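Hi,

Here is the structure I said I'd pass on. Have a look at it first, and then read my notes underneath.

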Amino acid sequence: MLYQFHEMNRTFLAPLMQWAEATATLYSNPASPLAALPYAQKVAAGYELLYRLGKDYEKPAFELNETLVDGETVGIDEKIVVTKPFCRLLHFKKDLPAKRLAALKQPKVLLVAPLSGHNATLLRDTVRALLPEHDVYITDWTDARMVPVEEGPFHLHDYVFYVQDFIRALGTGVHLISVCQPTVPVLAAVSLMATAKDSKLPKSMTMMGGPIDCRKSPTQVNNLATEKPFSWFENTVIYSVPQNYPGAGRKVYPGFLQHAGFVAMNPQRHAQSHWDFYMHLREGDNESAEMHRKFYDEYNAVIDLPAEFYLETIKVVFQDFNLPLGTWEIEGELVRPQDIKSVALFTIEGELDDISGSGQTEAAQSLCSGIPKAKKQHLTAEKCGHYGIFSGRRWREIICPKIAAFIKANAA
């Protein structure tokens, strides 16, 4: 009933939010006579804050229309390469003649986005920084409430198989980059391919801020998963999608519950951020206000997760530690990272990461014991939190160049 109540509340608030948006525009638009009234800017600021606190946030667009290649501005076409019920594989194709593209010899990069509440557009800055020197593809996961029940369930092992299918679809010479949650299924996907001696093995895998071994430096996120019994997650956070969505009846972990959890981790910081936004609007600081809008347009746009995928992730990754203990079986096949021998490995952690603690991602280094030391690399990014390792100035200026050099060194 919680999901249904949420939808009723959303429907009830919709007219109020439309009124707040319209009123904010009336008091801020230079063409409106109300904008000339005393205190109009303060009134507009208050109504816009109300609107943004209560509005629905839709999936944002990537809006990556161009990039620089050898100092030349090149257009980007966003193409769908593979479509599956729970994911689309997107290609940021450079608008260049085929001969020019071939001459560039840019490494093919498969960026595996998290399926953990936010849209793949959360990695917009990641893609933007990679585009000038790489041929970039990304997994664009579908909101589970939009997938009809007839399409069947989506398990953790389905994520592993999706990754394998995408690797094979892109052919030989692919370089994988996984951010946070997908580091675990990506390592499993490559491990199973290595065990089977698959000819389409990727050239390298870069793993960033992921829960490979959650026993190391457990964070607040890890503690929640271990303090609560598995039955608590089954009975407390799983709900059926209401009838007004294509996925009606599907069991999911709703996005609005995940968002509440995100905010609850740092409530004071978010409250201060909204207050600062209000003050920026009052003072006419449009640049700072726009930065706030862009951040929360992304942060507040959340998606539902398939219940079976979420629950299996809780058990396999956060409670039973199957991957580091060597006990994870997928359809009868044991996941053996030690079988990986030819794929280069780069692990990256943030010094201040409060989502994936220190050592959790680096654990992949010891698990992948078959990879020669010369093909392994690790980086702890100083003064970087979780989001800082794939977005922002330090990502663009420090981390991305190191990944580019790593990929180049292992592209042969």
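**Helix H12 and what surrounds it**

Helix H12, residues 307–319, is mostly covered, with eleven of its 13 residues buried. Before going further, please keep in mind that this is a predicted model. The buried set in H12 consists of Ala307, Glu308, Phe309, Tyr310, Leu311, Thr313, Ile314, Val316, Val317, Phe318 and Gln319.

Three of those residues turn up again where H12 meets another helix: Ile314, Phe318 and Gln319 are in contact with Asn222, Ala225 and Thr226 of H7. By class, that H7–H12 contact has three nonpolar, three polar and no charged residues. As for the geometry, helix H7 (residues 220–227) packs on H12 at an angle of about 110°, and the two axes are 10 Å apart. Angles of 65 to 115 degrees count as roughly perpendicular, so H7 is roughly perpendicular to H12.

Now step just past the end of H12. Phe321 follows there with a positive phi of about 50°. This residue sits in the loop that runs from H12 to helix H13 (322–325). Is Phe321 buried or exposed? Its relative accessible area is 16%, and since buried means under 20%, Phe321 is buried.

**A second positive phi**

For context, most residues other than glycine have a negative phi. Tyr39 is another one to look at: its phi is positive, about 65°, although it is not a glycine. You'll find Tyr39 in the loop between helix H1 (2–26) and helix H2 (40–54). Tyr39 has a relative accessibility of 60%, and the cut-off for exposed is over 50%, so Tyr39 counts as exposed.

**H10 and its two partners**

Helix H10 packs against H2 and also against H11, so I've put the two contacts together.

With H2, the axes come within 8 Å and cross at roughly 145°. The crossing of H2 and H10 is right-handed. On the H2 side the contact uses Gln41, Lys42, Ala45, Gly46, Glu48, Leu49, Arg52 and Leu53, and on the H10 side His274, Phe277, Tyr278, Leu281, Arg282 and Glu283. Sorted by class, the residues of this contact are six nonpolar, three polar and five charged.

With H11, the numbers are an angle of about 140° and axes 9 Å apart, for H10 at residues 267–283 and H11 at residues 286–299. That angle makes H10 oblique to H11. The crossing of H10 and H11 is left-handed. H10 contributes His270, Ser273, His274, Phe277, His280 and Leu281, while H11 contributes Ser288, Ala289, His292, Arg293, Tyr296 and Tyr299. By class, the H10–H11 contact has five nonpolar, six polar and one charged residues.

If you compare the two lists, His274, Phe277 and Leu281 of H10 appear in the contact with H2 and in the contact with H11.

**Three single residues**

*Gln360.* This one is in the loop between strand E13 (344–350) and helix H14 (363–367). Gln360 has 0% relative accessibility and counts as buried. What does Gln360 contact, leaving aside neighbours within four places in sequence? The list is Gly210, Pro211, Ile212, Asp213, Cys214, Lys216, Ser217, Pro218, Thr219, Asn222 and Glu349. Asn222 should look familiar, as it is one of the H7 residues that meet H12.

*Asp125.* Helix H4 (residues 124–130) holds this residue. Asp125 is buried, at a relative accessible area of 10%. A polar atom of its side chain lies 2.8 Å from the backbone nitrogen of Gly392. Besides Gly392, and again setting aside neighbours within four places in sequence, Asp125 is in contact with Phe390, Ser391, Trp395 and Arg396.

*Lys93.* Look for this residue in strand E3, residues 87–94. Lys93 has a relative accessible area of 31% and is partly exposed. Not counting residues up to four places away in sequence, Lys93 touches Gly75, Ile76, Asp77, Lys79 and Leu101. The C-alpha atoms of Lys93 and Thr121 are separated by 16 Å, and the two residues are 28 apart along the chain.

Cheers

Key
Residues numbered from 1 in each chain as written. Predicted model: local features only at pLDDT ≥ 70, side-chain atom pairs only at ≥ 80, totals over all residues. Heavy atoms only, no water. Helix = DSSP H or I, 4+ residues; strand = E, 2+ residues; numbered from the N terminus. Buried < 20%, exposed > 50% of the residue type's maximum accessible area, 1.4 Å probe, protein only. Polar contact = N/O pair within 3.5 Å; in protein donor to acceptor, adjacent residues only side chain to side chain. Contact = heavy atoms within 4.5 Å. Axes fitted to C-alpha atoms, helices over the stretch in contact; angles between N-to-C directions. Parallel < 35°, antiparallel > 145°, perpendicular 65-115°, else oblique. Left-handed = near helix turned anticlockwise from the far one by under 90°. Nonpolar A, V, L, I, M, F, W, Y, C, P; charged D, E, K, R; others polar.
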